[in-house]
Amino acid sequence: MGRSVSYPTGSVVAFRLLDDGEDEDVDWAYECLVDEIIDTAKVAFPSFERIEGWRGREDRILLRNAFADCGISTYCGLAAIWLAERDDARYWEADFYNPRTARARHWLGQVSGRFIDLFGELRLVGRFSNGEAIFERSRSACDTGP
């Protein structure tokens with residue numbers, strides 16, 4: 001199977017290109033995107049707090065609230081900005097005494113459309129049998145001039 005950008009299973013994912021130009025500094029573009037995600041998400045979803053963490057080796061957690069993690073994963077110039085139900089020990093321990101999973105899924109369902117509108121420039125159309133992904137520009141990212 002072909003390699004593609006990683007993101008947590010079951011997450012809401014917005015895709016965008018990390019580098020639009022050949023001479024662009026990819027590290028600088030990445031850091032600018034991380035700052036944009038943090039600033040925009042905190043305004044749109046005030047319950048988020050900044051956190052430094054990882055899910056596995058490829059999915060970087062930037063923000064967290066009681067129900068979800070918000071993060072970024074990149075591969076070959078493609079960024080996956082994702083929102084996923086928390087999957088850490090403290091979350092599951094708290095869930096044991098006061099179930100959160102249903103509320104987390106409800107919250108994710110409520111905010112998923114706005115999240116995609118805020119961060120999505122590309123839409124995943126499908127995958128080839130080798131795992132290679134096909135994307136198209138999302139309508140919100142297209143020019144809709146007169």
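Modeller: A strand here is a DSSP run of E with at least two residues, numbered from the N terminus. Keep in mind that this is a predicted model. S73 lies in one such run, strand β4.

Colleague: Why is S73 called buried?

Modeller: Buried means under 20% relative accessible area. S73 has 1%, so the label fits.

Colleague: And which residues does S73 touch, leaving out those up to four places away in sequence?

Modeller: V5, S6, Y7, E58, D59, L78, A79, A80 and W82.

Colleague: What makes the pairing of the S73 and D59 side chains a polar contact?

Modeller: The cut-off for a pair of N or O atoms is 3.5 Å. These two side chains come to 2.6 Å, within that limit.

Colleague: Let's move to α1. How do you know what span to expect for this helix?

Modeller: The rule is 1.5 Å times one less than the number of residues. With 19 residues (26-44), α1 should come to 27 Å, and from first C-alpha to last it reaches 26 Å, close to expectation.

Colleague: What sits at the start of α1?

Modeller: A side-chain oxygen of D25 there comes within 3.2 Å of the backbone nitrogen of D27.

Colleague: Which elements do the buried residues of α1 pack against?

Modeller: β1, β2, β3, β4, β5 and α3. Among the buried residues are Y30, L33 and I37.

Colleague: Last one: is V125 in β6 buried, partly exposed or exposed?

Modeller: Partly exposed, because its 47% falls between the 20% and 50% cut-offs. V125 also joins F128 and I134 in a nonpolar surface patch of about 260 Å².

Note on methods. Residues numbered from 1 in each chain as written. Predicted model: local features only at pLDDT ≥ 70, side-chain atom pairs only at ≥ 80, totals over all residues. Heavy atoms only, no water. Helix = DSSP H or I, 4+ residues; strand = E, 2+ residues; numbered from the N terminus. Buried < 20%, exposed > 50% of the residue type's maximum accessible area, 1.4 Å probe, protein only. Contact = heavy atoms within 4.5 Å. Polar contact = N/O pair within 3.5 Å; in protein donor to acceptor, adjacent residues only side chain to side chain. Patch = residues over 30% accessible without salt bridge, like charges linked within 9 Å, V, L, I, M, F, W, Y side chains within 5 Å. Areas by Shrake-Rupley, 256 points an atom, 1.4 Å probe, with all protein chains shown as cover. Salt bridge = Lys/Arg side-chain N within 4 Å of Asp/Glu carboxyl O.
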